[in-house]
Protein chains: 2
Amino acid sequence: MSTAQGARARARQEITAAIKEAARRQLAQEGAAKLSLRAVARELGMVSSALYRYFPSRDDLLTALIIDAYDSLGEAAERARDAACEAPPAARWIAVCEAVRGWALGHPHEYALIYGSPVPGYAAPDTTVPAAARIGLVLIGIVRDAHQGPGLTYLPLPAELRPEAERMAADFAADLPPETAAPLVAAWAQLIGLIGFELFGQFNRVVEDREAFFRHAAGRLAESVGLAP
Amino acid sequence: MSTAQGARARARQEITAAIKEAARRQLAQEGAAKLSLRAVARELGMVSSALYRYFPSRDDLLTALIIDAYDSLGEAAERARDAACEAPPAARWIAVCEAVRGWALGHPHEYALIYGSPVPGYAAPDTTVPAAARIGLVLIGIVRDAHQGPGLTYLPLPAELRPEAERMAADFAADLPPETAAPLVAAWAQLIGLIGFELFGQFNRVVEDREAFFRHAAGRLAESVGLAP
DNA sequence: GTCTATAACGAGATAGAC
DNA sequence: GTCTATCTCGTTATAGAC
């Protein structure tokens, strides 16, 4: 009986994975706005109503794809961090940035899904938050290591930012000085901005040697969060 | 006869403007991927084939919207620059950044059109390049003023970035030291990244006081391109 | 209980004849 | 420019296979 349940559960997982895979293909071809359950079902030789056993609605399928993308990106970042665990924090920071860029170049449509324009009529539920936070936690962790180890440099907080900085630090980096909270969040957004510009074509005819440019920018981001060069 | 032609030209311009306005409304509701000439025509009480007198294809309408958006953003940036022409370069830089953010918050769907995910099946033609460059020229101009006036500080170029930096400087900032080229381009991408994160909801539950956070980040971007604080 | 298939709904897009 | 016939879509109700 447990075998039968195991087999059923396995089949269910396989079909779920096949649905998501087909949906990702559709994502690449038509974009998230046009993701359609019927087209996914057609590609799998299923009937559209059968998909509702696996995803209660089209939006739930989208949510699953978003969570998968965040997790895939987070995993790539964590692997890069672990591979560079012997290096000083600034080098580890750069390695993680390059891993994020590498993931984005390898998964452009999933990148667009999570960091591109919102899908009209869709609002990501709170269940996406933990997956979305993974990459942020990796970046915070590197700064934390530097704070507990070789040291962190930071500029004094301007008065107008102090309340917000203290709130941010209390929320997600209670053990770090509040001076680092805003630069960290800004560096995170700026990292994604750099990658998005490359991915979405804004660097065409502007930046040629993208690797060298990005490595340098990532290094300056590391400095901006207080990591010693 | 010249009167008649003038009236005709005026009517044509008015209808063109009405079409773009309706298309922008559609953009806000359905997204760029689903922009359809038919829906635009319906909203205007026209027949879809009549639109082809004004825009040869859906892609041409999209291109016109993109150029308009870049121009609108560029104008906002230029106005902010001119309004702050008495202020020191760093303050002018921040004023321009805040104007860009203000424009984005006021025109989120046009922002998504130019800086968000690419529209599947659409490739922006070269005719969009001059409009897209306007905002960049404003930022470069501020750095140029600082270079010719109060002075600019910059770090030495790492060897691996020198060829690319010299190429970039020769392309769009021949009168500036090559050391500033890469930081300028990076700051431009990072500025858009910051704004995109706020606009697309990544700062939900992370940044509360968005104005203070952004002003601080813009100030640090100014420093990153060598403007004295 | 778990799944797939059929059929249908209301809404909307689309192609082509006229 | 108009009309119609035929597509698409998400979603649900229902029936039946395993």
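These are my notebook entries on a predicted model of two protein chains and two DNA strands.

**Entry 1. How the two chains are related**

I superposed chain A on chain B, and a rotation of 180° with 0.0 Å of shift along its axis did it, at an RMSD of 0.1 Å. The two copies are thus related as by a two-fold rotation axis. I then checked the contact residues: 100% of those of chain A recur in chain B, so the same surface serves both copies. Which residue of chain A comes closest to the rotation axis? I found A:Gly193 there, with its C-alpha at 1.8 Å.

**Entry 2. The nonpolar core**

I looked up the largest nonpolar core, which holds 165 residues. Within this core, A:Trp93 and B:Trp93 touch the most other members. Helix H9 of chain B, residues 181-199, gives the largest share of the core, at 14 residues.

I listed what A:Trp93 contacts, setting aside neighbours within four places in sequence. The list has A:Leu139, A:Ile142 and A:Val143, then A:Leu184 and A:Ala187, and finally A:Ala218, A:Leu221, A:Ala222, A:Val225 and A:Leu227.

**Entry 3. DNA strand C**

I collected the residues around DNA strand C. From chain A they are A:Arg8, A:Arg12, A:Ile15, A:Arg38, A:Met46, A:Val47, A:Ser49, A:Ala50, A:Arg53 and A:Tyr54. Chain B adds B:Arg38 and B:Arg42. By class I get 5 nonpolar, 1 polar and 6 charged residues on this surface.

How much of the strand's part in this is sugar and phosphate? Of the atoms of DNA strand C that come within 4 Å of the protein, sugar and phosphate account for 52%.

I noted three contacts to phosphate oxygens of DNA strand C:

- The side chain of A:Arg12 has an N or O atom 3.1 Å from a phosphate oxygen.
- A:Tyr54 places a polar side-chain atom 3.2 Å from a phosphate oxygen.
- From the other chain, the side chain of B:Arg42 has an N or O atom 2.7 Å from a phosphate oxygen.

The elements giving two or more residues to the surface near DNA strand C are helix H1 (2-30) of chain A and helix H2 (37-44) of chain B. H1(A) makes the largest share, with 3 residues.

**Entry 4. DNA strand D**

I found 13 residues around DNA strand D, and those that come nearest are A:Ser36, A:Leu37, A:Arg38, A:Tyr52 and A:Arg58. I count the classes here as 6 nonpolar, 4 polar and 3 charged. Sugar and phosphate make up 53% of the atoms of DNA strand D within 4 Å of the protein.

Which part of DNA strand D does the side chain of A:Arg38 approach? An N or O atom of that side chain is 2.3 Å from a base nitrogen. A:Tyr52 also uses its side chain, with an N or O atom 3.2 Å from a phosphate oxygen of the strand. A:Arg58 instead uses a backbone N or O atom, which lies 2.9 Å from a phosphate oxygen.

Helix H2 of chain A (residues 37-44) gives the largest share of the surface near DNA strand D, 4 residues. I also looked at burial in H2(A): A:Leu37, A:Ala39, A:Val40 and A:Ala41 are buried. Just after H2(A), A:Gly45 takes a positive phi of about 70°.

**Entry 5. Two residues that touch the other chain**

I started with A:Arg167, in helix H7 of chain A (residues 162-172). Is A:Arg167 buried, partly exposed or exposed? Its relative accessible area is 25%, so I class A:Arg167 as partly exposed. Leaving out residues up to four places away in sequence, A:Arg167 touches B:Val206, B:Val207 and B:Glu208. Within its own chain, I read a C-alpha separation of 9.0 Å between A:Arg167 and A:Ala181, 14 residues apart along the chain.

I then took B:Glu164, in helix H8 of chain B (residues 162-172). B:Glu164 is buried, because its relative accessible area of 5% falls under the 20% cut-off. Apart from residues up to four places away in sequence, B:Glu164 touches A:Val206, A:Val207, A:Glu208 and A:Asp209. The side chain of B:Glu164 also reaches the backbone nitrogen of A:Asp209, at 3.2 Å.

**Entry 6. Helix H6 of chain B**

I checked burial along H6(B), residues 108-115. Of its 8 residues 6 are buried, so the helix is largely enclosed by the rest of the structure. The buried ones are B:Glu110, B:Tyr111, B:Ala112, B:Leu113, B:Ile114 and B:Tyr115.

Terms used: Residues numbered from 1 in each chain as written. Chains lettered and ligands numbered in written order. Predicted model: local features only at pLDDT ≥ 70, side-chain atom pairs only at ≥ 80, totals over all residues. Heavy atoms only, no water. Core = buried A, V, L, I, M, F, W, Y, C linked by side-chain atoms within 4.5 Å. Buried < 20%, exposed > 50% of the residue type's maximum accessible area, 1.4 Å probe, protein only. Contact = heavy atoms within 4.5 Å. Near = heavy atom within 4 Å. Polar contact = N/O pair within 3.5 Å; in protein donor to acceptor, adjacent residues only side chain to side chain. Nonpolar A, V, L, I, M, F, W, Y, C, P; charged D, E, K, R; others polar. Least-squares fit on C-alpha atoms with pLDDT ≥ 70 in both.
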